Structures are given as structure tokens and as C-alpha cells.
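Reader: I should like a close look at a single part of this model, namely its sheet and the elements that surround it. Please give one connected account.

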Amino acid sequence: MVSRKGSGDMNQNTKRILRIQVNGRWREDAVADNQLLLDYLREQLYLTGTKRGCDGGECGACTVLVDGRPRLACCTFAVAVEGCHVETIESQSQDGRLSPLQQAFHEKLGAQCGFCTPGMVMAAEGLLRRNPHPTEAEIREALGGNLCRCTGYVKIVESVQAACGAEKNADEKMEERA
Ligand code: FES
Ligand code: FES
């Protein structure tokens, strides 16, 4: 008779080849059936920008994009995104230059300790791709699953607004009214 422990070990050792695109590059890797996308990214690909916060779907620190949509990597099996394009925070900067969103977080003080920032930026990136000019309410809704202990969220919302030009538009409207 197989013990529960033995059965669990056997499942852990069951591996398959995962074909997946990560940050624009196709790859094939052996992964366990029960391997989380978060562990695959951090421990197998060393993409440690994706953070492990609560490890239970509560904080959003592990947010990545899967085919352009935000997804929690701590609640997703790697094999579940077979054939998909996964984008992590490492995909944001190009040639050593921050993306507009990252630059805005930097300039608007949207990051303090920075632990939540990769998840915030990826959630915001997902929003701006489907809605390039979101309202403040839409930004807050899109980031509603991402927790931050430091900023009080105002600076984060302002960062996203700055990245999409909403802040500029608001300034222009103020000037028009004056
Ligand atoms: S680590 Fe994934 S939601 Fe917190
Ligand atoms: S900046 Fe520290 S948790 Fe958000």
C-alpha cells in the first residue's frame, strides 16, 4: 500500500515539458504538475522581481501578465499557462531604461519599500493596455487586489495617472477653467 507521504512525493516528481513564452522568449522547461507559476519564475528562471507576499491570493505582489491580463502567480500552476505569454516586471525596462509606468512610479513616489511595486506596475500595465485612459475609479478598481503597506495608495494612483497622461490632462483642464 502506498502511504500518503509516498503518494505526495510521487506527484511532486511527476514532471512534464512546459512550452511557454516568458518576456517575449519561447522556452521549454521541465516542471512538476503541481509547480506554481510563482516558483517556476522565481526559482527556475531566477526572475525574482515577481514577489511572494501572502502566498495565498490576498496581496497581489505576485501579479504577472498572462496573455496581457493580470494573473496571480501564487495561485496559478505553471502548466496551466502552457502556450501562453507570461510577462514579469523584468520585461518592463528596455535597454536599461525604465518603462513609462516605472518612471512615473519613480517620479511620483509611487514606491517606498518597493515590495508591492512589481505587482502594482504589472496590474497597472494590464489596465493601461485595455484602457489607455482610465479614470481614477478605474485605476483604483484595477489595483484593488494589490496591497501596499507604505504609500496609502494616493501616490500609486497618481503614478498611474502620470504614466497615461491623465495628470497632464487634469492640469490642462484646470488651466482652461482658470
Ligand atoms: S503572493 Fe500572490 S497574492 Fe500574495
Ligand atoms: S511600497 Fe512598501 S508595500 Fe508598497
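Author: In this predicted model, 5 strands form an open sheet of mixed pairing, in the order β2-β1-β5-β3-β4. At its edges lie β2 (25–32) and β4 (69–72), each of which pairs on one side only. From one strand to the next, the twist averages 45°.

The edge formed by β4 may be taken in more detail. Strand β3 (residues 63–66) runs antiparallel to β4, and 4 bridges join the two. Within this pairing, Thr-63 stands opposite Leu-72 of β4. In general, strands of a sheet pair through backbone hydrogen bonds, and they may do so in parallel or antiparallel fashion.

Helix α4 lies across β3 and β4. Its direction makes an angle of about 30° with β3.

Helix α4 also packs against a helix. Two packed helices are described by the angle between their axes and the distance between the axes. For α3 (residues 100–107) and α4 (residues 117–130), the angle is about 130° and the axes are 10 Å apart. An angle of about 130° falls neither between 65 and 115 degrees nor over 145, and α3 and α4 are therefore oblique to each other. The crossing of α3 past α4 is right-handed. On the side of α3, the contact is made by Leu-101, Gln-102 and Phe-105, and α4 contributes Thr-117, Val-121, Ala-124 and Glu-125. By character, the residues of this contact of α3 with α4 comprise 4 nonpolar, 2 polar and 1 charged.

The loop between α4 and α5 (136–142) contains Pro-134. This residue has 19 other C-beta atoms within 10 Å; because a buried residue needs 20 or more, Pro-134 counts as partly exposed. Leaving aside residues up to four places away in sequence, Pro-134 touches Leu-127, Ile-139, Ala-142 and Cys-164. Pro-134 and Val-160 are 26 residues apart in sequence, and their C-alpha atoms are 9.1 Å apart in space.

These parts belong to a chain with 7 helices and 5 strands. Along the sequence, the pattern reads α-β-β-α-β-β-β-α-α-α-α-α. The chain has 178 residues, of which 37% count as buried. Among contacts with a separation of 6 or more, 56% are between residues 24 or more positions apart.

Methods:
Residues are numbered from 1 along each chain as its sequence is written. Chains are lettered from A and ligands numbered from 1 in the order in which they are written. This is a predicted model: local features need pLDDT of at least 70, side-chain atom pairs count only at pLDDT 80 or more; totals for chains, interfaces and linings use all residues. A residue is buried if 20 or more other C-beta atoms lie within 10 Å of its own, exposed if 12 or fewer, and partly exposed in between; C-beta atoms are placed from the backbone. Two residues are in contact if their C-beta atoms, placed from the backbone, lie within 7 Å. Axes are lines fitted to C-alpha atoms, for helices over the stretch in contact, and angles run from 0 to 180 degrees between N-to-C directions. Angles under 35 degrees count as roughly parallel, over 145 as roughly antiparallel, 65 to 115 as roughly perpendicular and the rest as oblique. A crossing is left-handed if the near helix is turned anticlockwise from the far one by less than a right angle, and right-handed if clockwise. Ala, Val, Leu, Ile, Met, Phe, Trp, Tyr, Cys and Pro count as nonpolar, Asp, Glu, Lys and Arg as charged, and the others, Gly among them, as polar. Two strands pair if DSSP finds at least two bridges between them.
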